[in-house]
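Hi,

Here is the structure I promised to pass on. Have a look at it first, and then read on for what turned up.

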Amino acid sequence: MKTILVANPKGGAGKTTLSTNLAGDLAQRGENVFLWDLDRQKSALHWLSIRPASLPRIHRLDSAKEKPTDGVLVLDSPAGLHGGKLGDMLKLVDKVIVPIVPSMFDLAATRAFLDELLEEKAIRKGRAFVAIVGMRVDARTRAAEKLDEFLAPIELPVLTHLRATQNYVNAAFEGKSIFDLAPSDVAQDVAQWQPINAWLLK
Ligand SMILES: Nc1ncnc2c1ncn2[C@@H]1O[C@H](COP(=O)(O)OP(=O)(O)OP(=O)(O)O)[C@@H](O)[C@H]1O
Ligand SMILES: [Mg+2]
């Protein structure tokens with residue numbers, strides 16, 4: 001089983017949006033997908049509970065003990081995940097995706113987390129790999145420029161920037177990912193996801 005952790009201790013960085021859409025994307029691609037919500041707020045589980053049965057199935061997972069041998073597991077993590085708990089989670093995962101919003105407060109908070117992540121044994125020993133996704137990034141804004149400046153010296157791949165759009169918000173209200181919406185409405189967003197998929201296949 002391939003396991004992907006979506007993490008950033010900063011609240012509202014886009015973890016649940018990224019996790020649920022990643023699960024939706026993989027399910028649409030015919031993968032056997034599991035979603036494990038580590039957050040007590042259970043936003044991802046709530047999303048899963050209202051997901052229409054007609055859409056590609058995403059299975060719910062509640063503990064590492066149930067971890068199947070086959071398929072892809074997406075882990076949505078809570079704000080504040082770091083330290084020992086982060087270390088424990090990293091033992092279970094192959095890949096970590098860190099969503100980052102380009103605001104001064106988010107960048108400052110994320111820097112400390114990236115430093116901590118790079119010190120973790122699983123990452124240092126190459127057992128788990130980290131990549132970054134810019135969230136709610138609108139090209140040609142000062143914020144996008146600042147994000148690029150912030151990420152330039154960090155030796156981690158920046159997979160893509162996902163724009164701010166109500167497509168994510170509206171899809172979530174219906175238990176859907178953007179990949180479950182009409183392709184003509186989300187073409188730009190789906191295109192922005194391509195590098196994420198390519199990295200996961202590596
Ligand atoms: N690309 C986007 N376009 C528009 N809105 C977005 C986008 N990404 C995230 N959002 C919105 O930003 C808010 C925060 O996103 P989300 O809940 O995914 O963050 P989170 O990191 O899971 O938060 P928490 O730390 O509370 O778990 C939500 O209202 C979500 O709908
Ligand atoms: Mg969340």
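Helices and strands here are DSSP runs, numbered from the N terminus, with at least four residues for a helix and at least two for a strand. One more thing before the findings: this is a predicted model.

Let's start with charge on the surface. Lys121, Arg124, Lys125 and Arg127 together make up a positive surface patch. One of them, Arg127, sits in the loop that runs between helix 5 (121–124) and strand 6 (129–135).

Next, the salt bridges. How many does the structure hold? The count is seven, and three of them are worth walking through.

The one between Arg163 and Asp189 has an N to O distance of 2.6 Å. This pair ties together distant parts of the chain, 26 residues apart: Arg163 belongs to the loop between strand 7 (158–162) and helix 7, while Asp189 is in helix 8. Is Asp189 buried or exposed? Its relative accessible area is 0%, so Asp189 is buried, the cut-off being under 20%.

Asp25 and Arg29 form another, with 2.9 Å between the closest N and O atoms. The two partners are covered to differing degrees: Asp25 has a relative accessible area of 3% and is therefore buried, whereas Arg29 comes out at 43% and is partly exposed.

Then there is Arg60 with Asp62, where the closest N and O atoms are 3.1 Å apart. Asp62 is partly exposed, at 41% relative accessible area.

On to the aromatics. By the rule used here, there is one aromatic pair. Which arrangement do the rings of Phe179 and Trp193 adopt? Their centres are 5.3 Å apart and their planes stand at 90 degrees, so the pair is edge-to-face; the angle cut-off for that label is over 60 degrees. Here too, distant parts of the chain are linked: Phe179 lies in the loop between helix 7 (166–173) and helix 8 (183–201), and Trp193 lies in helix 8, with the two positions 14 residues apart. Phe179 has 14% relative accessibility, so Phe179 counts as buried. Trp193 counts as buried as well, at 2%.

Another aromatic residue to look at is Tyr168, which is placed in helix 7. Tyr168 is buried, with 8% relative accessible area. If you want a long-range distance to check in your viewer, take Tyr168 and Arg29: they are 139 residues apart along the chain, and their C-alpha atoms are separated by 19 Å.

Finally, some backbone angles you may want to look at. Lys42 is not a glycine, yet its phi is positive, at about 55 degrees. Lys42 is in the loop between strand 2 (33–37) and helix 2 (43–49), and with 33% relative accessibility it counts as partly exposed. Arg140 is not a glycine either, and has a positive phi of about 70 degrees. Where is Arg140 placed? The answer is the loop between strand 6 and helix 6 (142–151). At 84% relative accessibility, Arg140 counts as exposed, since the cut-off is over 50%.

Cheers

Methods. Residues numbered from 1 in each chain as written. Chains lettered and ligands numbered in written order. Predicted model: local features only at pLDDT ≥ 70, side-chain atom pairs only at ≥ 80, totals over all residues. Heavy atoms only, no water. Patch = residues over 30% accessible without salt bridge, like charges linked within 9 Å, V, L, I, M, F, W, Y side chains within 5 Å. Areas by Shrake-Rupley, 256 points an atom, 1.4 Å probe, with all protein chains shown as cover. Salt bridge = Lys/Arg side-chain N within 4 Å of Asp/Glu carboxyl O. Lys, Arg positive; Asp, Glu negative; His and termini not counted. Charge placed at Lys NZ, Arg CZ, Asp CG, Glu CD. Phe/Tyr/Trp six-rings, centres within 6.5 Å; stacked < 30°, edge-to-face > 60°. Buried < 20%, exposed > 50% of the residue type's maximum accessible area, 1.4 Å probe, protein only.
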